[in-house]
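Please open the model in your viewer and keep the selection panel at hand. The stops below are meant to be followed in order, each with something to select and something to look for.

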Amino acid sequence: MDTRTELTDFLMSRRARLQPESVGVPRYGERRRVPGLRREELAQLAGVSVTHYTRLEQGNGRSVSAEVLDAVADALRLTGDEREHLANLVRPPRRDAGGAGPQGRADLLCLLDNMAESAAFVHGRSGEILAWNDTAAHLLGDLDALPPELRSWPGLVFRDGPFRSMVDPADWEPLARQHTGYLRLCLSRYPHDPGVAAVVASLHAADADFRRLWAEHHVADRTPLTCRLHHPSAGVLAVAVNAMKPAGHPDQWLVTFAVEPDSPSQKALRLLTA
């Protein structure tokens, strides 16, 4: 990732989403050629010089103080995840490029084996699926049959296959947006990891929806969501998708697909795994 270009594009996209009236900037009835705030308006809101902000938006952020960066983040109404992304772009972290390794942690594997009522898998920092339980194999499709480069959480969502075809179209969009937001944050967290960059490049080349969502510059870590799966054997199941990062290992996530107790979805899942 070219951090200077990403910094420029990210700041411009966040500035474009702010409407003048929403932040107290008068319009005076004039027509604007571009959406959102102008650079000078954003600089005034942040309390910095236009020259200073312009240099930052042009990708020259190494000399910017933490105080100025905070002021710009406040003016842009950035979320916590967006603030982290901005800080990472200005001062890229010096983190290893090792990733999660080829296997899941022993304690997570034990959890998988004891989660018969929920489909679950463990993935590494760029989404590569390291292990899964039998319920996940029944619900999500034959993960063993997928080639390693496609056996990933982003791959299930964006590549044509059993899982993407099962997700209700109305629920696919927020699930896909969550993945693009996480991968963009991951790129700035681990700027020296070729695995993360390779996943993004592969999805960008293969899927038009990914390219469309990527252009939004959405940045966000994982949050719970609910989606409906139209399973070819079990019918419609409403599942709560949660991604949890257990303490002690920053590069492995436990993803669960839980159904509500005593619901039609639970009955369908039990029949599927019987």
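## First stop: a loop residue

Begin by selecting Glu149, which sits in the loop that connects helix H7 (134-140) with helix H8 (153-158). As you look, bear in mind that this is a predicted model. Is Glu149 buried or exposed? Its relative accessible area is 61%, and because exposed is the term for values over 50%, Glu149 counts as exposed. Now add Val199 to the selection: Glu149 and Val199 are 50 residues apart along the chain, and their C-alpha atoms are separated by 8.6 Å.

## The whole chain

Zoom out to show the protein chain, whose secondary structure amounts to 13 helices and 5 strands. Along the principal axes, its C-alpha atoms fill a box of roughly 65 × 45 × 30 Å. Of the 274 residues in the chain, 49% are buried, while the accessible surface comes to about 13,200 Å², with 53% of it belonging to carbon and sulfur atoms. If you display contacts with a sequence separation of 6 or more, 60% of them are between residues 24 or more positions apart.

## Helix H1 and its surroundings

Next select residues 3-16, which form helix H1. This helix has 14 residues and reaches 20 Å from its first C-alpha to its last, close to the 20 Å expected at 1.5 Å a residue. At the start of H1, look for Asp2, one of whose side-chain oxygens comes to within 3.1 Å of the backbone nitrogen of Arg4.

Colouring H1 by accessibility will pick out its buried residues, among them Glu6, Leu7, Phe10, Leu11 and Arg14. Which helices do the buried residues of H1 pack against? They pack against helix H2 (39-46), helix H3 (50-57), helix H4 (66-75), helix H5 (80-90) and helix H10 (169-189).

From H1, move to His85, which lies in helix H5. Its relative accessibility is 0%, so His85 counts as buried. Leaving out residues up to four places away in sequence, His85 touches Glu6 and Phe10, together with Arg184, Leu185, Ser188 and Val219.

## The nonpolar cores

Now turn to the largest nonpolar core, which has 42 residues, and select Leu139, Trp153, Phe163 and Phe257, the members that touch the most others. Helix H10 gives the most to this core, with 7 residues. In general, nonpolar side chains tend to be buried together in soluble globular proteins.

Centre the view on Phe163 and show its contacts: apart from neighbours within four places in sequence, they are Leu140, Trp153, Leu156, Val157, Leu175, Leu229 and Phe257. A second core, separate from this one, has 26 residues, including Leu56, Leu69, Val72 and Ala75.

## The antiparallel strands

For the last stop, select strand E3 (residues 225-231) and strand E4 (residues 235-244), which pair in the antiparallel sense over 7 bridges. The two strands form a hairpin, with 3 residues between them. To check the register, select Leu225, whose bridge partner in E4 is Val241.

Then add strand E5 (residues 253-258), which runs antiparallel to E4 and is joined to E4 by 5 bridges. Here the pair to highlight is Ala240 and Ala258, where Ala258 of E5 stands opposite Ala240.

Technical notes. Residues numbered from 1 in each chain as written. Predicted model: local features only at pLDDT ≥ 70, side-chain atom pairs only at ≥ 80, totals over all residues. Heavy atoms only, no water. Helix = DSSP H or I, 4+ residues; strand = E, 2+ residues; numbered from the N terminus. Expected span 1.5 Å × (residues − 1). Buried < 20%, exposed > 50% of the residue type's maximum accessible area, 1.4 Å probe, protein only. Contact = heavy atoms within 4.5 Å. Polar contact = N/O pair within 3.5 Å; in protein donor to acceptor, adjacent residues only side chain to side chain. Core = buried A, V, L, I, M, F, W, Y, C linked by side-chain atoms within 4.5 Å. Pairing = 2+ DSSP bridges. Areas by Shrake-Rupley, 256 points an atom, 1.4 Å probe, with all protein chains shown as cover.
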